[in-house]
Amino acid sequence: MLRTLAAMDVEAVQHTFRAPPRWDDVVVDAWQRRSVVLRGPGGAGKTAAAVRLLISARAKAFYLIDSVAELTRLTDLRQIAGAGLLLDRPVDLGLLRGPQLAGLESLLRDADAHVVVTAGPEAELDRDLGEYVQRIAHPEALDTVLAAHLAHRIGESEAELVLATNGVAELTAELLDQGAACRIAAQLAWILEQEHRDGAVDPRRIRSRMEQTGGEGPEEWFEGLGDMGLRTQAIALAVLGGLPQEYVSLAASSLLDRFRSDRGVLAASVEQGPVPLRQDPFSQSRRQFAEKLRARTYSAVTRGDFGWLPCTVAEYRNLEYPARIIRHVWSEYRIQQELVAWLGELVDRPSQQVRSFAGTALGLIATESFDHIATQIFPGWVMDEDTGPQRREAIAYALRVCARDPALRTGVRNLVDGWYMSGTWQFQAAAARAHGLCLGGADLPTALQTLTRLGTVDHIQVAIEIGDAFADLMEEDVDTHAPLVLRAIAEMSHEPASRPSGHLAFLILADALATDEPAAGGAPPRSRPTLLRLAAQAPPGGELRRLLGYLWSEAIGGELFADQAGTVLEAWAAQAEADPQLLDDLVRILVEDVAARSPRAGMLLERYARHWTDRDRFRPLPRSARVLGARLNTAPPARPTQPGGGR
């Protein structure tokens with residue numbers, strides 16, 4: 001299976017690689033053929049050198065191959081056209097033979113592709129491979145490697161200042177001695193960057209952090225964990241880090257349950273045997289877990305289903321760990337099926353936060369294996385009969401990650417366009433969510449046009465997901481996007497074929513979008529409907545007020561969603577019942593912009609207000625009903641309704 005080498009990894013090599021001795025000769029000799037076996041001592045930076053070789057061959061795409069067996073099965077020219085293929089110390093390297101590489105030569109030439117295989121000094125290579133082997137030496141000094149990595153992270157001028165800090169040169173000379181590996185220089189650069197961003201570069205603290213990590217990257221650290229409970233906890237923390245610790249712990253337990261068998265899948269590189277069937281829940285405290293996982297917990301206030309509430313958040317101390325661990329686990333262990341099923345389980349949970357984080361993790365995986373995820377995973381999720389809406393939302397979060405990679409952006413657009421044109425409502429709903437969460441930020445006009453046209457699809461779930469997509473676009477930049485989004489919904493509401501979808505989309509915006517305002521001037525913090533805030537701040541008679549008046553009168557007087565319109569409006573009134581300023585804004589908008597444009601809308605508003613004080617109401621709204629009713633009775637007669645007048 002070809003896996004895409006992350007663009008950020010290729011870019012890092014492009015900017016940070018420093019040539020070892022005889023590098024020019026290695027490059028010239030290597031590309032006498034289309035295949036190279038790159039051999040060198042431990043810590044010489046063989047992986048980076050292999051990528052640099054492929055860059056020198058002008059590869060247009062970079063792929064990882066897991067084994068010699070997969071390399072020898074390559075037959076599709078289209079699959080590897082212009083590609084650079086990397087086998088980084090494959091487990092079956094001993095099976096590689098010279099005639100196998102010779103047999104691939106014509107295929108690679110026709111595809112304009114190149115292959116680099118890396119091998120450590122301990123590997124036993126077939127004698128026939130001699131003509132393909134190129135040897136690299138350890139860099140003569142790692143200070144230039146350190147400087148290159150640091151400059152790539154924070155810029156040359158800032159890097160020079162950091163390296164000139166008192167005590168840093170002496171510490172660098174000690175840590176990057178003659179026997180140090182290239183990865184130590186990269187790790188030290190990362191720690192120096194973190195220290196610099198925190199405001200003070202302290203050599204003693206840098207030494208302590210290097211001792212704690214042993215110069216390891218997250219991949220090496222994960223492989224050394226060994227304990228199954230720690231490993232599943234590490235994966236859960238990578239996926240859900242930043243959320244309340246209970247979410248992380250429950251997800252880790254769920255993942256561990258998937259490996260409770262004799263397979264011992266996740267322990268493939270460890271010799272502790274199969275997964276234990278039972279675990280002592282008191283074997284390690286939260287503090288001990290956090291220490292071993294290089295994590296931290298802290299008190300925070302986060303928004304959940306019941307508003308902003310205090311909780312304890314868990315996350316990695318090193319913010320580079322989550323993405324790298326997710327990609328490493330996907331690439332290096334044979335747990336792809338279990339991992340995707342576990343992410344699907346997280347997506348199916350009620351929490352929208354968990355759903356978005358799980359979708360983002362799937363997106364990180366998709367940057368490694370986009371074709372596989374797009375063709376083997378997404379369709380099943382899109383069509384899921386039970387939790388299709390949640391999974392389509394998670395897919396949109398995943399595609400948002402992929403769209404940030406320039407190499408995948410076109411593929412993402414092509415995939416979503418295919419869904420849009422499919423004629424299958426589930427895929428069209430998925431296209432709607434993708435345009436809201438993923439593609440709309442870069443091309444808002446196209447996203448609005450696409451969602452407007454999807455409004456003609458005669459399916460309630462498509463209409464719901466169009467509304468959710470409009471809400472996503474609004475939340476991205478409320479003040480800038482609001483007029484454009486509301487104008488698009490007004491267009492939908494004006495056309496007979498899309499009118500029901502337009503009404504429902506507007507009600508979703510009215511119900512879902514809220515603006516949290518901090519305490520000010522002795523007043524407590526409050527939350528108010530975003531659309532009401534926008535209307536209250538807009539000038540009377542302006543486009544925004546006209547659009548909102550038109551859409552409210554349409555929704556209230558519509559045939560399909562009038563009851564839902566009443567429910568949303570009542571929710572607005574419930575918020576305003578104990579907030580005089582909010583109530584004044586609400587009544588002014590309803591009277592001046594809704595009732596004033598339509599006698600029928602005014603009559604329906606009066607009916608709503610009367611029902612807010614019915615005896616059978618669990619939550620009567622006497623103040624809102626009295627104020628709105630009084631203002632409606634004293635308002636001037638409504639002018640005749642103008643079709644499409646809000647547009």
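This passage looks at a strand hairpin, a pocket and a pair of helices in a predicted model.

A good place to start is the pairing of strand 7 with strand 8. These two strands run antiparallel and are joined by ten bridges. They form a hairpin, with two residues between them. To follow one bridge in the structure, Thr-297 can be located first; its partner in strand 8 is Ala-314.

Both strands also help to line the second largest pocket, where strand 7 (295-304) and strand 8 (307-316) each supply at least two residues. This pocket has a volume of about 1400 Å³. Its lining comprises 44 residues, and the closest to the pocket centre are Arg-303, Gly-304, Asp-305, Gln-352 and Gln-353. Helices take part as well: among those that each supply at least two lining residues are helix 13 (245-257), helix 17 (352-368), helix 19 (388-403) and helix 25 (499-512). Helix 23 gives the most, with eight residues. Sorted by class, the lining holds 21 nonpolar, ten polar and 13 charged residues.

Attention now turns to helix 27 (residues 543-557) and helix 28 (residues 562-576), whose axes come within 7 Å and cross at roughly 125 degrees. Because of this angle, helix 27 counts as oblique to helix 28. On the helix 27 side of the contact are Trp-552, Ala-555 and Ile-556, which meet Ala-562, Ala-565, Val-568, Leu-569 and Trp-572 of helix 28. The contact between these two helices has eight nonpolar residues, with no polar and no charged ones.

Definitions and conventions. Residues are numbered from 1 along each chain as its sequence is written. This is a predicted model: local features need pLDDT of at least 70, side-chain atom pairs count only at pLDDT 80 or more; totals for chains, interfaces and linings use all residues. Side-chain values use heavy atoms; hydrogens and water are left out. On a 1 Å grid over the protein atoms alone, a cavity is a set of points where a 1.4 Å probe fits but cannot get out, and a pocket is an open set with protein on both sides within 12 Å along at least five of seven lines; lining residues have an atom within 4 Å of a point. Grid points are joined across faces, edges and corners, and a volume is the space filled by probe spheres set on the points. Helices (H or I, at least four residues) and strands (E, at least two) are DSSP runs, numbered from the N terminus. Ala, Val, Leu, Ile, Met, Phe, Trp, Tyr, Cys and Pro count as nonpolar, Asp, Glu, Lys and Arg as charged, and the others, Gly among them, as polar. Axes are lines fitted to C-alpha atoms, for helices over the stretch in contact, and angles run from 0 to 180 degrees between N-to-C directions. Angles under 35 degrees count as roughly parallel, over 145 as roughly antiparallel, 65 to 115 as roughly perpendicular and the rest as oblique. Contact means heavy atoms within 4.5 Å. Two strands pair if DSSP finds at least two bridges between them.
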